[in-house]
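The exercises below are meant to be worked with the structure open in a viewer. Try each task before reading the solution that follows it.

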Amino acid sequence: MAKAPEAEVATLKEFIEASGISATADDRGFYYTIQAPGSGEKPTVRSNVTVNYEGSLTNGKIFDSNKNISFGLYQLILGWQEGIPLIAPGGSITLYLPPSLAYGSRAQGGIPANSILIFKIDLIRIN
């Protein structure tokens with residue numbers, strides 16, 4: 001189980017509170033809001049899933065989005081590995097990830113190093 005450092009969790013908590021976001025804190029150091037729980041069996045880190053998603057920075061800038069794309073969860077960032085299994089197919093979740101559960105200290109595409117990332121994810125199905 002991955003766990004974010006306390007300093008990152010504190011910064012993320014400040015963002016959540018300052019933005020007035022109603023989110024649940026996870027013991028691993030990220031926050032999430034479940035818009036719809038879905039139904040049926042939930043995926044595991046070994047699952048291959050099909051999702052719609054949108055990723056944004058805390059300033060609202062969208063850096064990535066895709067529809068009907070499939071991944072093996074084990075191939076993805078830790079925040080997705082930990083967060084997507086909180087919902088079942090048909091579910092929707094927003095993940096608020098500290099840097100260590102996202103891309104960490106390396107810049108990635110339009111994502112600055114050490115960024116808090118926000119992902120809106122619809123879990124379409126487990127493949």
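**Exercise 1.** Which residues does W80 touch, not counting residues up to four places away in sequence?

*Solution.* The model is a predicted one, and the search starts from the side chain and backbone of the residue in question. Taking contact to mean heavy atoms within 4.5 Å, one finds that W80 touches V51, Y53, F71, L73, P85, L95, L97, F119 and I121. The next step is to place W80 in its surroundings: the largest nonpolar core has 27 residues, and W80 is listed with V51, L95, L97, F119 and I121 as those that touch the most other members. Strands β3 (48-57), β4, β5 and β6 each supply at least two residues of this core. A second, separate core of seven residues includes L12, F15, Y31 and I118. In soluble globular proteins, nonpolar side chains tend to be buried together.

**Exercise 2.** Determine the order of the strands in the sheet, and explain why one side of β1 and of β4 is left without a neighbour in the sheet.

*Solution.* Begin with the elements along the sequence, where the chain follows the pattern α-β-β-β-β-α-β-β, which comes to two helices and six strands. In space, the six strands form an open sheet with antiparallel pairing, in the order β1-β2-β5-β6-β3-β4. Because β1 (24-25) and β4 (62-72) stand at the edges, each has a single partner strand, and one side of each is left without a neighbour in the sheet. Turning to one pair within the sheet, β5 (residues 92-97) and β6 (residues 117-126) run antiparallel and are joined by six bridges; among the residues involved, I93 has I121 in β6 as its bridge partner.

**Exercise 3.** Describe which strands helix α1 lies across, and at what angle to β5 it runs.

*Solution.* Helix α1, which spans residues 6-18, lies across β2 (31-36), β5 and β6. Its direction is then compared with that of β5, and the angle comes to about 125 degrees.

**Exercise 4.** Decide whether the radius of gyration of the chain agrees with or departs from that of a compact globule.

*Solution.* A compact globule of 127 residues would have a radius of gyration near 14 Å, and since the chain has 14 Å, the two agree. Along the principal axes, the C-alpha atoms fill a box of roughly 35 × 30 × 25 Å. Buried residues make up 46% of the 127 residues, while the chain exposes about 6500 Å², of which carbon and sulfur atoms supply 48%. Finally, among contacts between residues at least 6 apart in sequence, 66% join residues at least 24 apart.

Key. Residues numbered from 1 in each chain as written. Predicted model: local features only at pLDDT ≥ 70, side-chain atom pairs only at ≥ 80, totals over all residues. Heavy atoms only, no water. Pairing = 2+ DSSP bridges. Helix = DSSP H or I, 4+ residues; strand = E, 2+ residues; numbered from the N terminus. Axes fitted to C-alpha atoms, helices over the stretch in contact; angles between N-to-C directions. Rg over C-alpha atoms; globule rule 2.2 N^0.38 Å. Buried < 20%, exposed > 50% of the residue type's maximum accessible area, 1.4 Å probe, protein only. Areas by Shrake-Rupley, 256 points an atom, 1.4 Å probe, with all protein chains shown as cover. Core = buried A, V, L, I, M, F, W, Y, C linked by side-chain atoms within 4.5 Å.
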